Amino acid sequence: MVVTDGGVGPLGGEVGLVTGTGEVLLEVDGGVAIVTLNAPDRRNALTPGMADELIATFDEVDAKPEVGALVIRGVGKSFCAGGDVATLTSAGKDPAAPDAYEGMGKIYDSFYRLGQVRVPTVAAVRGSAVGAGMNMLLAADLRIVSKDVRLLAGFLKRGMHPGGGHFVILSRLIGREAAAAMALFGEEINGDKAVELGLAWESLDDAAVEDRAIELAQRVAADPELARVAVGNFRKEVVNGAIPWDVAMQSERPAQMWSMRRSAG
């Protein structure tokens, strides 16, 4: 992969811009990879192109044996506002069309790929996370959130069936009742409620979120080889969804495609 010099990041290391539009930034320093969603003009909503950049970035992280942890964060007022509205609207006109199907698949693959990164991952979440943005933070191993964060499934509010295995990855953290409240009945929660439900480890003032996430990442990244082995077994032993995530992604897909076609009608 071609990486261009992007200056100095918060840990003092060089920031590389992944080839493409620059909507994903990567800094590696002290064994920690910091991946930044960098499309604040649309609140970091995911497009197929941005999803491709994320996947390429996660591949790059996996290829660096000196990396022992990853922090994912967002620039601006939102962690991630979900799938880009223009992308969803276009796909809704004919969800089964090859380009639309592939584009939505890339968005799914971006957060699924985060869940497969070979090092422990922390989501530093400020502002809001909606829909696919929720899936992105749910894909991480740990979450640090701001007290005033807004966490909302939001699929049904858009007239869409949830996608990306949302029911599985949400319920495995917070249980059936809370998952029903959020994913079916549209409940929005803040940082303190996220901690209460087990959706986040800590709820902090906005300015402290990223520093705390990096502090935790640096701790486990001190021994990258051990971190990679440990997190692999952690995921095998702890992640206990009723059905595998990849199966859930495919079982939800027909319903989501139906809902998109209906909404576009």
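A strand here is a DSSP run of E with at least two residues, and strands are numbered from the N terminus. Ser 203 sits in one of these, strand β10. Keep in mind that the model you're looking at is predicted.

**Exercise 1. Get an overview of the chain: how many helices and strands does it have, and what share of its residues is buried?**

Step 1. Start with the secondary structure: the chain has nine helices and ten strands.

Step 2. Now look at burial. Of the 265 residues, 54% are buried.

Step 3. Next, the contacts. Take those with a separation of 6 or more: 69% of them link residues 24 or more positions apart.

Step 4. Finish with the outside. The accessible surface is about 11,700 Å², and carbon and sulfur atoms own 55% of that.

**Exercise 2. Work out whether the two faces of strand β4 are covered or open, then find the strands that β4 pairs with.**

Step 1. Find residues 32-37, which make up β4; six of its six residues are buried.

Step 2. Split the strand into its two sides. Val 32, Ile 34 and Thr 36 are on one, while Ala 33, Val 35 and Leu 37 are on the other, and all are buried. That makes both faces covered.

Step 3. Look for a partner just before β4. Strand β3 (residues 24-29) runs antiparallel to β4, with six bridges joining them. Asp 29 is the residue standing opposite Val 32.

Step 4. Check the turn. β3 and β4 make a hairpin with two residues between them, and Gly 30 in that turn has a positive phi of about 60°.

Step 5. Now look further along the chain. Strand β5 (residues 69-74) pairs with β4 in the parallel sense over six bridges, and Leu 37 has Gly 74 as its bridge partner in β5. Getting from β4 to β5 takes the chain through helix α1 (residues 48-62), in a β-α-β crossover that is right-handed.

**Exercise 3. Arg 43 and Asn 44 both lie in the loop between β4 and α1. Which class of exposure does each belong to?**

Step 1. Try the backbone. Phi of Arg 43 is near 60°, a positive value in a residue other than glycine. Asn 44 also has a phi near 60°, and it isn't glycine either.

Step 2. Bring in the cut-offs: buried is under 20% relative accessible area, exposed is over 50%, and partly exposed is in between.

Step 3. Apply them. Arg 43 has 44%, so it's partly exposed. Asn 44 has 0%, so it's buried.

**Exercise 4. Trace the pairing from β6 through β8 to β10, then describe what surrounds Ser 203.**

Step 1. Begin with β6 and β8, which pair in the parallel sense over four bridges. One of the pairs to look for is Val 122 with Leu 142 in β8.

Step 2. Move on to β8 and β10, parallel again, with three bridges. Here Ser 146 has Leu 204 of β10 as its bridge partner.

Step 3. Why is β8 called largely enclosed? Because four of its five residues are buried.

Step 4. Now zoom in on Ser 203 in β10. Its relative accessibility is 12%, so Ser 203 counts as buried.

Step 5. List what it touches beyond four places in sequence: Val 145, Ser 146, Lys 147, Gly 191, Asp 192 and Val 195. With Asp 192 there's a polar contact between the two side chains, at 3.0 Å.

**Exercise 5. Check the length of helix α7 and find what covers its buried residues.**

Step 1. Helix α7 (residues 209-221) has 13 residues. Its expected span is 18 Å because each step adds 1.5 Å, and the end C-alpha atoms are indeed 18 Å apart.

Step 2. Pick out the buried residues, which include Val 209, Arg 212, Ile 214 and Leu 216.

Step 3. Look around them. The cover includes β4, β5, β6, β8, β10 and α8 (224-238).

**Exercise 6. Is Ala 183 buried or exposed, and which residues does it touch?**

Step 1. Locate Ala 183 in helix α5 (residues 166-184).

Step 2. Ala 183 has 4% relative accessibility, so it's buried.

Step 3. Leave out residues up to four places away in sequence, and Ala 183 touches Ala 153, Leu 156, His 166, Phe 167 and Leu 170.

Step 4. Compare sequence with space: Ala 183 and Gly 154 are 29 residues apart along the chain, and their C-alpha atoms are separated by 7.3 Å.

Terms used. Residues are numbered from 1 along each chain as its sequence is written. This is a predicted model: local features need pLDDT of at least 70, side-chain atom pairs count only at pLDDT 80 or more; totals for chains, interfaces and linings use all residues. Side-chain values use heavy atoms; hydrogens and water are left out. Buried means under 20% relative accessible area, exposed over 50%, partly exposed in between (1.4 Å probe, protein chains only). Two strands pair if DSSP finds at least two bridges between them. A crossover is right-handed if, with the strands pointing away from the viewer, the path from the first strand over the helix to the second runs clockwise. The expected span of a helix is 1.5 Å times one less than its number of residues. Contact means heavy atoms within 4.5 Å. A polar contact is a pair of N or O atoms within 3.5 Å; within protein, one must be able to donate a hydrogen and the other to accept it, and residues adjacent in sequence count only if both atoms are side-chain atoms. Accessible areas come from the Shrake-Rupley method with a 1.4 Å probe; for residues, only the protein chains shown count as cover.
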